[in-house]
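Q: I'm new to this structure and would love a close look at one part of it. Could you take me through the salt bridges, one pair at a time?

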Amino acid sequence: MNPRLDRLQPYPFERLRRLFADLQPPTDGEPIALSIGEPRHALPDFVEPVLRASLQGFNHYPTTRGEPALRETIAAWLQRRFDLANVDAERQILPVSGTREALFAIAQAVVADKPGARVLMPNPFYQIYEGAALLAGAEPAFYDLAPENGYLPDFSAIDAATWEGVQLVYICNPGNPAGACMSEAAMQDLIRLAERHDFIIAADECYSEIYHPDAEPPAGLLGAAARMGNTTFERCIVFHSLSKRSNLPGLRSGFVAGNAELLGSFALYRTYHGCTLPPPTQAVSRAAWSDEAHVAENRALY
Ligand SMILES: Cc1ncc(COP(=O)(O)O)c(C=O)c1O
């Protein structure tokens, strides 16, 4: 067996299941699960008709890069949402089967397995980041999201020895679990650090559409890069999902976007990794990224 498997922690939901095993919940009420963060709002109305109309798609193998129409829809969404002049649907976007697998896969694709390799991630963190680092042959290193910093990262607290060997930095914005949002300026500082220390930033933005309806939408890494002149998104890759935005966690649909060279290598990795989106999933995804009404409704409910 791969000895790196021994370093993986049990997944938290497995651990919880074991802790809950002997508990008998009262039978006179509907349980409210506060453990797994599963959206509970209704499916958007368009899902069923779009799915019915696209069922024949199950007759075909999907491609790793997905259909151009889906990538174009996603590029247009990114441009609208993050005020970007140009996103290249051909070279800067890849559909993924939910962001979880992609957040894991990116470390396997980008980390050079050599002594001192490090992957930096928040603490507390989405557990995939740690497992991804370990299986890629890197040591996980952590930056604290502390209450005294408003649960935001303070990258200036990281010493030179820790930066040494860092190849990949995960950020989660808005953060899970505290929901704190990094400013665009803070992201630009991180991009400058990436240039100085030669690492890639993987921005998990799967909660970017869940914000107070009266608040400004959270900033994103690609917008931050473009507005500091990094219009090719050098060292940047973002992860977006329909799970929370559109209440479709079972669809398993998201995308990654960012630097074309980085995505080119990731696409090569993914042809072997084998994760693709079935054509009907792509059809529903296109409908979801094209519509903001259901997202606004979802935000209002939250
Ligand atoms: C911080 C964070 N990132 C990524 C994900 C993965 O979401 P999905 O794979 O459904 O896109 C989750 C899911 O709960 C999450 O909490």
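A: Here is a walk through the salt bridges, with a short stop at a nonpolar patch. Please keep in mind that this is a predicted model. The count comes to 14 salt bridges, and a few of them make a good tour.

Let's begin with Arg-7, which pairs with Glu-139; their closest N and O atoms are 2.8 Å apart. Arg-7 sits in the segment before H1 and Glu-139 in strand E3 (residues 139-144), so this salt bridge ties together parts that are 132 residues apart in sequence. Both ends are partly exposed: Glu-139 has a relative accessibility of 38%, and Arg-7 one of 43%.

The segment before helix H1 (12-20) also holds Leu-5. Together with Met-1 and Leu-8, Leu-5 makes a nonpolar surface patch of about 340 Å².

Next comes the salt bridge between Arg-71 and Glu-90, at 3.3 Å from N to O. Arg-71 belongs to helix H3 (residues 68-82), while Glu-90 lies in the loop between H3 and strand E1 (93-96), 19 residues apart. Arg-71 counts as buried because its relative accessibility is 4%, under the 20% limit. Glu-90, at 45%, is partly exposed.

A further pair joins two loops. Arg-235 and Asp-198 form a salt bridge with closest N and O atoms 2.8 Å apart. Arg-235 is in the loop between helix H8 (221-226) and strand E6 (236-241), and Asp-198 is in the loop between helix H7 (184-197) and strand E5 (200-204). Arg-235 is partly exposed at 23%, whereas Asp-198 is exposed at 54%.

Finally, Asp-88, Arg-91 and Glu-261 are linked in a network of salt bridges.

Definitions and conventions. Residues numbered from 1 in each chain as written. Predicted model: local features only at pLDDT ≥ 70, side-chain atom pairs only at ≥ 80, totals over all residues. Heavy atoms only, no water. Patch = residues over 30% accessible without salt bridge, like charges linked within 9 Å, V, L, I, M, F, W, Y side chains within 5 Å. Areas by Shrake-Rupley, 256 points an atom, 1.4 Å probe, with all protein chains shown as cover. Salt bridge = Lys/Arg side-chain N within 4 Å of Asp/Glu carboxyl O. Helix = DSSP H or I, 4+ residues; strand = E, 2+ residues; numbered from the N terminus. Buried < 20%, exposed > 50% of the residue type's maximum accessible area, 1.4 Å probe, protein only.
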